Amino acid sequence: MLRRLDARDWSIAAAESLTGGRVTAALVDVPGASAHVRGGIVAYATDVKASRLGVDAELLAARGPVDPDVAVQMAQGVRGALRADVGLATTGVAGPDPQDDMPVGTVHIAVATPETVVVSSLALAGSRDEIRTQTVRRVLELALTVL
């Protein structure tokens, strides 16, 4: 990932809900990450998605935080908030209980760059930890595909 960012001279940041900082941690685990990783915002609470990432409050009120358009706005919002070229976002339900009538394992991830925005909706299975781990892997894979 960092090589691809380096080739474009781009930076990256993550907006995380259900992953609680794991995406950012995975990015900074790689030696040399400081050249490209701007940081991350853990927007676990719905109001933080609006106040810190600029997710539309009406969208949140109408559809809730577990929505593909929310993931897109989170990815775009973290780009602006942390002045990054690439924004990653994760939102979903890791369990153990459903949230707002959304079943456990419902996850939306997004990648926003200066050139494109890509969102993916996932139906993951497993324990809370397994869903969170799978989400980290999947958003990083999506970012590699986009880059």
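**Group meeting: a walk through the predicted model**

Let's start with Arg 8, which sits over the face of Trp 10, 4.5 Å from the ring centre. By "over" I mean that NZ of a Lys or CZ of an Arg is within 6 Å of the ring centre and within 35 degrees of the ring normal. What does a search of the whole structure find in the way of aromatic pairs? Zero. A pair here needs rings of Phe, Tyr or Trp (its six-membered ring) with centres within 6.5 Å; planes under 30 degrees apart would be stacked, over 60 edge-to-face, and the rest tilted.

Quick housekeeping. This is a predicted model, with local features needing pLDDT of at least 70 and side-chain atom pairs counted only at pLDDT 80 or more, while totals for chains, interfaces and linings use all residues. Residues are numbered from 1 along each chain as its sequence is written, and side-chain values use heavy atoms, with hydrogens and water left out.

Now the overall picture. The chain has six helices and five strands, taken as DSSP runs numbered from the N terminus (helices H or I, at least four residues; strands E, at least two). Reading from the N terminus, the order is α-β-α-β-α-α-α-β-β-β-α. The C-alpha trace spans about 45 × 30 × 20 Å along its principal axes. A compact globule of 147 residues would have a radius of gyration near 15 Å, and the chain's 14 Å agrees with that. That radius is taken over C-alpha atoms, and the globule rule is 2.2 Å times the number of residues to the power 0.38.

How much of the chain is buried? Buried residues are 48% of the 147, where buried is under 20% relative accessible area, exposed is over 50%, and partly exposed is in between (1.4 Å probe, protein chains only). Of the contacts with a separation of 6 or more, 63% are between residues 24 or more positions apart; contact means heavy atoms within 4.5 Å.

On to helix H6, residues 128-146. Its 19 residues, at 1.5 Å each, should span 27 Å, and the end C-alpha atoms are indeed 27 Å apart; the expected span is 1.5 Å times one less than the number of residues. Its buried residues are Ile 131, Arg 132, Thr 135, Val 136, Val 139, Leu 140, Leu 142, Ala 143 and Val 146. They cover an arc of only 165 degrees around the axis, so they are on the same side of H6, the arc being that of the directions from the helix axis to the C-beta atoms. An α-helix has 3.6 residues a turn, so residues three or four places apart point the same way. What do the buried residues of H6 pack against? Helix H2 (22-28) and strands S3 (86-92), S4 (106-112) and S5 (117-123).

From the H2 side, look at Arg 22, which lies in that helix. Arg 22 is partly exposed at 28% relative accessibility. Beyond its neighbours within four places in sequence, Arg 22 contacts Glu 16, Asp 129, Arg 132, Thr 133 and Val 136.

Last stop, the loop between S3 and S4. Pro 96 is found there, joined to Gly 95 by a cis peptide bond with omega about 20 degrees. Asp 100 is in that loop too, with phi near 50 degrees, and is exposed at 56% relative accessible area. Asp 101, also in the loop, has phi near 65 degrees and is exposed at 79%. For context, most residues other than glycine have a negative phi, and most peptide bonds are trans.
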